[in-house]
Amino acid sequence: MINDLWYKNAVIYCLSVATYMDANGDGVGDFKGLGRRLDFLHGMGITAVWLMPFQPSPWRDDGYDITDYYNVDPRYGTLGDFVEFTQGCRQRGIRVLIDLVVNHTSNEHPWFREACRNPKSQFRDWYVWSAKKPKNADSGVVFPGVQKSTWTWEKNARSYYFHRFYDFQPDLNTAHPEVQAEILKIMGFWLQLGVDGFRMDAVPFVIAKKGASQTHSVEYYDMLRSFSEFLTWRKNGAIILGEANIVPKNDLKYFGQFGERLQMMFNFEVNQHLFYAMASGDTQPLIKALSTTKPRPATAQWGQFLRNHDELDLGRLTENQRKTVFAEFGPEKSMQLYGRGIRRRLAPMLHGDRRRLELAYSLMMTLPGTPVLRYGDEIGMGDDLRLPERNCARTLMQWSTEPNAGFTTHAKPVMPVIADGAYGFQQVNVAAQRRDPDSLLNWMERIIRMRKEVPEIGWGDFSFVTLRTSGVLAMKYAWRDNSVLFLHNLMPEPREVRFRLTSKRADKPEELINLLSNDHSHPEDSGGHCIVLEPYGYRWFRIGSLDYLLHRSDV
């Protein structure tokens, strides 16, 4: 059963084919280029790659406006190139997840064009229409300040169409049986070509009832069960990783009471409170977020992340908490987006402070769930705030000091490369960090390897160790008669922490074996431990001796 649940102890790496590696010199990344970088990903210890959309698209929203679900955009290669890529991943033991963008299509999709041209077309009911502009057309916009309405007039159809996102992304009527059947067909197609699962975009909108008469939200949760059952039938171990920024009380509605719906979801609740904790040093809201998202089926898993290709959404925080995060990580208006988020990459948010970067990634790696890493974060890439909206954090991967950071030989790449300042490719690139044993890249490889050797995080139960010291998070995991302890000091000052752990043997308190250095902790005469954490310091301890494998139970 453990082999089927591979995602319980994994490290997922998110990337865009367009901006990763260009093999044919046309300025756009492609599958041949990506295939040539698989050894880099394998060497880093990546378990699965998540590919952002690569299907044919006008690329008005970074590929999230698809015109053909059954093909590869010619700029990235062919279906044959894609199959060669998935085969290369399989040879290296790397799983492949791809974006499943089925809440909407591009307005250039043949389905939508036919629906607009012919009111009697089968595709007419595949979209959501209204003869009159609904009274609530200006509410529910996802991109405030950029998007003005969720309903737009289509002159050929002589009707308004619904679009939760931009006006060039008309929503599919996902409640329609034919649309649901098409979604399953799309999933089956890519599974047949070697895909191991999907990151489903905008899940709450996919399963929502849509229409001009909708005044309150109605969700069709059984739709998720249908998707999951189809995956299980088609391919053993295939998963759906859901993008669902929801409140904790609804978690089980998405996972399913017995794990029969989504296998994984991103934990937005913890993500937002993690950044507040790093900004303020206050761990209590983070502890509460971890506690409220703790209930989940045994087969379900959280995806824990720091940054992704979107803005850092802070909408779940209180106004004062949000102001604290803005002040620390995005104080300028150019760094903020949609009134609720920060559009920066992690390294510049943390002012390039190596101590804080290590602390942040150590936290992500040790939170309950599976860590999801974004391309370029392993070397501490920066952002380009001159680019519009979220594109500032979607720049080219920086491979070397060669022109265009070694991404392409073309004079004009698909996206600008960061060329100036502390995060320019001359200073931040893979080639230089490979040669430096103390680089962030080599640290990341070591921490990923250690994370995969600590299955207690992905499989075990967690609890918090009570401390009298503020600003320090202490988490303990237990699984199959083995336990680990993680300490993180979120403060810029040193912290001394004292605590006592329950031991299997009352006459012999447990030692704490440091998994990252030789700085072990031996119990004092009282049986307690005293540990001094440097500013932004962290510790990974195994409780007891390193012969834990001999004592691990089978259940």
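## A tour of helix pairs and sheets

Start by selecting Q180, I183, L184, M187, G188 and L191 in helix 5, then add M223, S226, F227, F230, L231 and R234 in helix 7: these two sets of residues meet each other. Sorted by class, the contact of helix 5 with helix 7 holds eight nonpolar, three polar and one charged residues. You are looking at a predicted model, so keep that in mind at each stop.

Now show the two helices whole, residues 177-192 for helix 5 and residues 222-234 for helix 7. Their axes come within 11 Å and cross at roughly 30°. Angles under 35 degrees count as roughly parallel, and helix 5 and helix 7 are therefore roughly parallel to each other. Turn the view until one helix lies in front of the other, and you can check that helix 5 passes helix 7 in a right-handed crossing.

**Zoom out**

Before the next stop, show the whole chain. Its secondary structure comes to 17 helices and 21 strands. Along the principal axes, the C-alpha atoms fill a box of roughly 85 × 50 × 45 Å. For 555 residues, a compact globule would have a radius of gyration near 24 Å, and the chain agrees with that at 24 Å.

**Helices 9 and 10**

Next, select residues 268-280, which are helix 9, and residues 284-292, which are helix 10. The two axes come within 8 Å and cross at roughly 165°. That makes helix 9 roughly antiparallel to helix 10. Here the crossing of helix 9 past helix 10 is left-handed. To see the contact, show the side chains of E269, V270, H273, L274, Y276 and A277 on helix 9, with P285, L286, A289 and L290 on helix 10. These residues divide into eight nonpolar, one polar and one charged.

**A sheet of three strands**

Move on to the open sheet whose three strands lie in the order 11-13-12 with antiparallel pairing. Strand 11 (312-313) and strand 12 (336-337) are at the edges, each with a single partner strand, so one side of each is left without a neighbour in the sheet. Select residues 341-342 to pick out strand 13, which runs antiparallel to strand 11 and is joined to strand 11 by two bridges. Label D313 here and look across to G341 in strand 13, which stands opposite.

**Helices 13 and 15**

For another helix pair, select residues 354-366 (helix 13) and residues 440-452 (helix 15). The axes come within 11 Å and cross at roughly 20°. That makes helix 13 roughly parallel to helix 15, and their crossing is right-handed. Helix 13 brings R354, L357, E358, Y361, S362 and M365 to the contact, while helix 15 brings L440, W443, M444, I447, I448 and R451. Colour these residues by class and you should find eight nonpolar, one polar and three charged.

**A sheet of five strands**

The last stop is an open sheet in which five strands follow the order 15-16-17-21-19, with antiparallel pairing. Its edges are strand 15 (461-464) and strand 19 (512-514); each has a single partner strand, so one side of each is left without a neighbour in the sheet. Look along the sheet for its twist, which averages 30° from one strand to the next. To finish, select residues 472-479, strand 16, which is antiparallel to strand 15 and joined to strand 15 by four bridges. Within this pair, F462 stands opposite Y477 in strand 16.

Terms used: Residues numbered from 1 in each chain as written. Predicted model: local features only at pLDDT ≥ 70, side-chain atom pairs only at ≥ 80, totals over all residues. Heavy atoms only, no water. Axes fitted to C-alpha atoms, helices over the stretch in contact; angles between N-to-C directions. Parallel < 35°, antiparallel > 145°, perpendicular 65-115°, else oblique. Left-handed = near helix turned anticlockwise from the far one by under 90°. Contact = heavy atoms within 4.5 Å. Nonpolar A, V, L, I, M, F, W, Y, C, P; charged D, E, K, R; others polar. Pairing = 2+ DSSP bridges. Rg over C-alpha atoms; globule rule 2.2 N^0.38 Å.
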